[in-house]
Structures are given as C-alpha cells and as structure tokens.
Amino acid sequence: MSSLRVTLTGLCCVLVVVIGALPFPSNAQLDPSFYRNTCPKVHSIVREVVRAVSKKDPRMLASLVRLHFHDCFVQGCDASILLNNTATIVSEQEAFPNNNSIRGLDVVNQIKTEVEKACPNTVSCADILALAAEISSVLAHGPDWKVPLGRRDSLTANRTLANLNLPGPSFSLDQLKKAFSDQRLDTTDLVALSGMSHCSLFQDRLYNFNSTGKPDPTLDTTYLQELRKICPNGGSGTNLANFDPTTPDTLDKNYYSNLQVKKGLLQSDQELFSTPRADTINIVNKFASSQDAFFESFKASMIKMGNIGVLTGNKGEIRKHCNFVNKKSVEEDLASVASEESSEERMVSSI
C-alpha cells in the first residue's frame, strides 16, 4: 500500500509480549452496526473529515492507518496512543517508535469534535481510529470492509510497552515474525500489513549498514541515490520518504513489486523478500502478481488486528476528548495515587 503501507515495521511499527502485556479479546462482541441507533451518521462524519484533510495532504491516509496500527499493538485497540502526558499518564506518543513520527493526532481530534456535535458521549476514540483507517484505505483506492465497532477507550497509556512492542526498522524477519506471532497474527498478516517514513528510520541503510561504512547491499543502487537526495548524510533525519516510490498515495500491490526489485524502503521491508528461503517470499510474489489477493488478505488482517485487546461493555470509557481521560476518571486516579502515598507515609512513620 505504498505510502499507505503501514509496514508494521517500517512504519516503525509493531509488537512483542511482556508479562501482563496484551489483554487479548475473549468474548468481546464488536458489531459493524453498533452505532446504528445511537450515531447512525458516524461513518459519513469520519469520511468527510478524512476526505477534506487528504485533499490537502494525501500522505495523511497512510498516517491514519499507521496510527491505528501503532495503537492496537500497545495494550490493544483502545486509543491509548492518543493520550497526552498528564500528572498520571506517561504518553506513548514519546516512545521511540512514535516520537516525531506518528501523524494524524490533530485529524482524530477534528473527527471527534464533529462526532461529539452529532452524538455526544457516544462514539469512542478507539472506534474513530478504526473507522479512519478503513476510510483511508478506500480513499487511497484500496479495499473497503465492514468495521466491527463497540470498542471503548482506555484509562491508561503504556510508553514502556510501546517501546517493547513496536518493532524497529532494522528488525530481522525472525524478529518480525515473533512479534506478530506474539500478537496472534500470522505470517500472511505480517506481509499484508507490512509504508512514508522519516529518514532517521532508515538512514543507516544508506550510509552505514550494520556499521560497515557502506550502504545495504540489498538496496537497488538507483533507488539508493534517490533516497540519498531525500536524506543527506548528516541531515536532520526528519524528511519524509514514501514506502512506495512508484504510487506513493495509492494502496496497491506495487509495494510488493518494489520488494522484488530491491526497493524496500526499510531493512525490515526488504527482509520479507530478500531473506534466503523465507516463507514470506511466496506471499510477496502472490501479492505482487494479484491485487485481489493482496486486498483480500489486507482486509482480513486489518479486521483481525482491530480485534486485539479491545475494551467493551463497562470496561474503559468513552472519552470526551481523545487526548485526555474524562475528568471523573482523572479525579478517581488522583485520589488513588494520594491514597497510596498516604499509606506509604503511614508505614514509614510507624517504622
């Protein structure tokens, strides 16, 4: 998916397991018609905001897919990535894979503002992320699917887990496969979901691959020179490069065709095709030769990913503002912290 290729790796991307990490969904029931009676126009509201933004910034479509992706791989699809730093929240936005990298937070806030006008206190930020990702796919000429809805928003964020769960751009294929497996996603999911990226994420490939002082030998030499123009050695590292140099604003199979000719932007992208005897090679070849096959797998993988660790029922909350937990939740949290501190002081004084 070209720019839209949320290469869960290049994208900076995805996952791992830690003790107590992801609460995988058990009997959580999501339903595409969840808001049929309470907010029937939610899909069209989200679509209009995303469409307007994408006319000015076509790359935003890829960014919104990636934002959903980076949310789901840290304690589940619960909009924790949207939470800002507060007295009780350590934001995931400043985790290494996200810092100065994720985009679209302001777009989600625009969507939330419009949704709140139509349906106050009804639609979660987590569902907005899922809807925005599907709509972005469609606007980028990719597939559509019925988005299961009914997620609720988390009361916490987890920067430590974000640093652990989101794989780096230089991950090997084995590291990527383990990361996806830990999230109950398989090798086809890895390839289907596996890109725009900041120079800082792949600059080593251009100038000092594996500390050799030379570029990555798996990188096409013409493409290498193109990337060096975008990302000069010693530059700021903040310039943006497309994951798909051929059709950067379209979700299509060209990303896989590029891997076949050594034009994967990130090392972790190219690993899918250039790792000797890897089982991902056949999947890359299949997607490169059939857009229908890629689209079907992409839809299935996005739905599967969107079910990771969802909060439903009375768990979590429906945030009024996506960047902050609701006031009542904050007050309860602060009261809990104060109570713990008071207990610790009493213990110290009694010693």
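Guide: Welcome! Before we start, one term: helices here are DSSP runs of H or I with at least four residues, numbered from the N terminus. Please also keep in mind that this is a predicted model.

Visitor: In which loop does Asn 210 lie?
Guide: Let's start with what makes Asn 210 worth a look: its phi is near 50°, a positive value in a residue other than glycine. Most residues other than glycine have a negative phi. Going along the chain, Asn 210 lies in the loop between helix H8 (203–207) and helix H9 (221–230).

Visitor: Is Asn 210 buried or exposed?
Guide: A residue counts as exposed over 50% relative accessible area. Asn 210 has 54% relative accessibility, so this residue counts as exposed.

Visitor: What is the phi of Arg 277?
Guide: Here is another loop residue: Arg 277 is found between helix H11 (267–274) and helix H12 (280–289). At 80% relative accessibility, Arg 277 counts as exposed. Its phi is positive, although Arg is a residue other than glycine, with a value near 60°.

Visitor: Which residue just after H6 takes a positive phi?
Guide: Look at helix H6, which covers residues 173–182. Just after H6, a positive phi of about 65° is taken by Arg 184.

Visitor: Which helices are included in what covers the buried residues of H6?
Guide: First, the residues to be covered: in H6, Leu 173, Leu 176, Ala 179, Phe 180 and Asp 182 are buried. What covers these buried residues includes helix H7 (187–193), H11 and H12.

Visitor: What is the relative accessible area of Leu 176?
Guide: Leu 176 is found in helix H6. Its C-alpha is 9.9 Å from that of Leu 166, a residue ten places apart from Leu 176 in sequence. Buried means under 20% relative accessible area. Leu 176 is buried because its relative accessible area is 0%.

Visitor: Which helix gives the most to the largest nonpolar core?
Guide: The largest nonpolar core has 76 residues, and the members that touch the most others are Val 50, Leu 82, Ile 111 and Tyr 256. Ten residues of this core come from the helix that gives the most, spanning residues 125–139: helix H4.

Visitor: Which residues does Ile 111 touch, not counting residues up to four places away in sequence?
Guide: Ile 111 is one of the residues that touch the most other members of the largest core. Leaving out residues up to four places away in sequence, Ile 111 touches Val 46, Val 49, Val 50, Ile 128 and Ala 132.

Visitor: How many disulfides does a search of the whole structure find, and which one is left-handed?
Guide: The search finds three disulfides. The link of Cys 39 and Cys 119 is right-handed, with 75° about the S-S bond, and the link of Cys 72 and Cys 77 is right-handed as well, with 120°. The torsion for the remaining pair is about -95°, so the left-handed disulfide is that of Cys 125 and Cys 322.

Visitor: How many residues apart are Cys 39 and Cys 119?
Guide: These two cysteines form a disulfide with sulfur atoms 2.0 Å apart, and both are buried. The pair links distant parts of the chain: Cys 39 is in the segment before helix H1 (42–56), while Cys 119 is in the loop between helix H3 (105–118) and H4. Along the sequence, they are 80 residues apart.

Visitor: How far apart are the sulfur atoms of Cys 125 and Cys 322?
Guide: Cys 125 and Cys 322 are both buried. They form a disulfide, and their sulfur atoms are apart by 2.1 Å.

Visitor: Is Glu 116 buried or exposed?
Guide: Glu 116 lies in helix H3. Not counting residues up to four places away in sequence, Glu 116 touches Asn 121, Thr 122, Val 123, Arg 319 and Lys 320. With 11% relative accessibility, Glu 116 counts as buried.

Visitor: Which helix gives the most to the lining of the second largest cavity?
Guide: This cavity has a volume of about 50 Å³. Its lining has six nonpolar, two polar and one charged residues, among them His 68, Trp 145, Arg 151 and Met 302. Three lining residues come from the helix that gives the most, residues 291–306: helix H13.

How values were computed
Residues are numbered from 1 along each chain as its sequence is written. This is a predicted model: local features need pLDDT of at least 70, side-chain atom pairs count only at pLDDT 80 or more; totals for chains, interfaces and linings use all residues. Side-chain values use heavy atoms; hydrogens and water are left out. A nonpolar core is a set of buried Ala, Val, Leu, Ile, Met, Phe, Trp, Tyr and Cys residues joined through side-chain atoms within 4.5 Å. Buried means under 20% relative accessible area, exposed over 50%, partly exposed in between (1.4 Å probe, protein chains only). Helices (H or I, at least four residues) and strands (E, at least two) are DSSP runs, numbered from the N terminus. Contact means heavy atoms within 4.5 Å. On a 1 Å grid over the protein atoms alone, a cavity is a set of points where a 1.4 Å probe fits but cannot get out, and a pocket is an open set with protein on both sides within 12 Å along at least five of seven lines; lining residues have an atom within 4 Å of a point. Grid points are joined across faces, edges and corners, and a volume is the space filled by probe spheres set on the points. Ala, Val, Leu, Ile, Met, Phe, Trp, Tyr, Cys and Pro count as nonpolar, Asp, Glu, Lys and Arg as charged, and the others, Gly among them, as polar. A disulfide is a pair of cysteine sulfur atoms within 2.5 Å.
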